[in-house]
Amino acid sequence: MTAQEVRLCGLLLQEHFGEVVEKVGTHLLKSGAQNLRTILHETGISLDLVKKSLCVLVQHGACVFSSGRKGPGSPTEYRTSCDRILRILRYPRYIYTAKTLYGDTGELIIEELLQRGHMTMSSTVKTVADRLTQNMEDGRSMDYNEVSNSFSNLVETHFLQRCPPPPRAGPKESATPAPPAIPGTPAAPVSNAPPTAESFPDCYKVPHVTLTGRGKRQLSSEDVDDQRNAKKAKMDSETHGDEGICWQVNFERFHLHFRDQAIISAVANKLDQTSSEIVRTMLRMSEVTTSPSATCTKPLSANEIFRSLPTNYNILRPILDQYLTLLVDDPMEFVGKAGESGGGMYVVNMHRALANLARATLESVVQERFGSRSARIFRLLLRKRHLEQKQVEDFAMIPAKEAKDMLYSLLSQNLVQLQEVPKTPDYAPSRTFYLYTVNQLPTSRMLLQNCYKTVANLIERRLYESKESKRLLEKSQRIEAILASLQASGAEPEQLTEVEEMITAPEKQQLDALRLHINKLDSAENQVDETIFLIESYITSTATTS
């Protein structure tokens, strides 16, 4: 964990949960696993606030706890997960993907679970149905069963999963004492890995929920005050059959979807739409049979691919064979051939595809920062692996002086490395080859850290802009609330115009400029996060294959 990751995690925690949670979370990131007493002593925060902060972090899966390192009976220790906190940056993309695949209902289900960490199915269905009803016309409402069906579809496709059962505290909950440990025998390791379908068999089992009715519109504040106690007593007595079964978002499933979409888009840009549809079909057929960490999909025959293609494409079998041959022969190597049976066996090379996408990202960064000629040299070194300066000048067809300056610029930014190959043991410069090369994996790691730094700078700038215009934003929000209440009560147009004129023309102009600027910063954050995802996927894939 680097300083840039800790800084970005702190900014995300502060923006979403406040300064106290940010202080506790950042302290655990820097210090590692600690018990409650140590956290209190080193942070100087009150016991009540530390407990509440830890509850928030645990609720959102950013913190795990286990028995102490000294064994059973020692104080419980807490540790935070940097990867889990960084996923907060990707929340808009998760929500947008759910909207694209499952409509408004799926979008709101994912949004509720992301905001609250984890919830029961019945609570989620009620909340989402109420929110959808609030935006419908008068006299219409959302049925609970429709929301339940969307929830079940998300579980069926593994975008949602059950939360694992809480860990047992240890000997206090056991009636029989544990056998004494044998001297010299290591203690059983404590697993803090996130739940998976393999480790938790009921991870994707939907309980039978007895929930009937329709969504309700939000009452006015006066009605809420009058009916709060009666409703609370009624809700406490209701049971729906899923008590104690909480659900959370399965981030890994979303990441697999993002990876597949990146591969499909790359094929469409490199070749054409039909080729991308063939790759999409192969990925869809391999979702169940292929492990998420596999370097390539299970082999699929051309006959199976032909039968699974969408009917509206009307691709004939000879044309499919030509497309598959084109994909196999393409230098990007997204698709490989694994055999000749069944008309030919084909696989999608996940690792090779991610490596090529990361490589294209690196080339794009070099071109944007140093120009097209430096990008030409960078691509040349990626392809040829090792070249002397004279060879770079000749192959890239760039004058010697310019090539030397470009190489040194790339070398100073660690985008290019210099390797010395001596002819003699004394490393004399006159008898040493100086070879320029590009190591894609270390360069990708360096670019990833730069991306973390960029996102942190964008967040800080956005927070600064909002703080500078805090008074104007608060005034705008108050006027919008007054207008909404007047419209709901059927006010006259003259009243609405009078309220709108409370914001002067210069203030409106300043608000428009501020919103435009903040929208640009938000858009830049999302774009940088796409680069972060591609590079992280490539680094993870490389670690799995090595």
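The following paragraphs describe the overall make-up, the nonpolar cores, one helix pair and two backbone features of a predicted model.

The secondary structure of the protein comprises 21 helices and 11 strands, and of its 546 residues 40% count as buried. When contacts between residues at least 6 apart in sequence are considered, 66% of them join residues that are at least 24 apart.

The largest nonpolar core contains 91 residues, of which Ile110, Leu160 and Leu381 touch the most other members. Helix α6, spanning residues 91-116, supplies the largest share of this core, with nine residues. For Ile110, once neighbours within four places in sequence are set aside, the contacts are with Tyr94, Ile95, Ala98, Leu154, Leu160, Val249 and Phe254; Leu160 thus appears both in this list and among the residues that touch the most other members of the core. Another core, of 25 residues, lies apart from the largest one and includes Val267, Leu300, Met350 and Leu534.

Helices α7 (residues 121-134) and α8 (residues 144-156) form a contacting pair, their axes coming within 9 Å and crossing at roughly 120°. Because angles of 65 to 115 degrees count as roughly perpendicular and only those over 145 as roughly antiparallel, α7 is classed as oblique to α8. The crossing of the two helices is right-handed. On the side of α7, the contact is made by Met121, Thr124, Val125, Lys126, Val128, Ala129, Asp130 and Leu132, which meet Tyr144, Val147, Ser148, Phe151 and Ser152 of α8. By residue class, this contact between α7 and α8 divides into eight nonpolar, three polar and two charged residues.

Two residues were examined for their backbone conformation. Most residues other than glycine have a negative phi. In His158, which is not a glycine, phi is nevertheless positive, with a value near 70°. This residue is placed in the loop between α8 and β5 (160-162), and with a relative accessible area of 33% His158 is partly exposed. A positive phi, of about 60°, is also found in Glu333, again a residue that is not a glycine. Glu333 belongs to the loop between α13 (317-329) and β8 (335-339), and its relative accessible area of 34% makes Glu333 partly exposed. Both positive phi values therefore occur in loop residues that are partly exposed, since their accessible areas fall between the limits of 20% for buried and 50% for exposed.

Technical notes
Residues numbered from 1 in each chain as written. Predicted model: local features only at pLDDT ≥ 70, side-chain atom pairs only at ≥ 80, totals over all residues. Heavy atoms only, no water. Axes fitted to C-alpha atoms, helices over the stretch in contact; angles between N-to-C directions. Helix = DSSP H or I, 4+ residues; strand = E, 2+ residues; numbered from the N terminus. Parallel < 35°, antiparallel > 145°, perpendicular 65-115°, else oblique. Left-handed = near helix turned anticlockwise from the far one by under 90°. Contact = heavy atoms within 4.5 Å. Nonpolar A, V, L, I, M, F, W, Y, C, P; charged D, E, K, R; others polar. Core = buried A, V, L, I, M, F, W, Y, C linked by side-chain atoms within 4.5 Å. Buried < 20%, exposed > 50% of the residue type's maximum accessible area, 1.4 Å probe, protein only.
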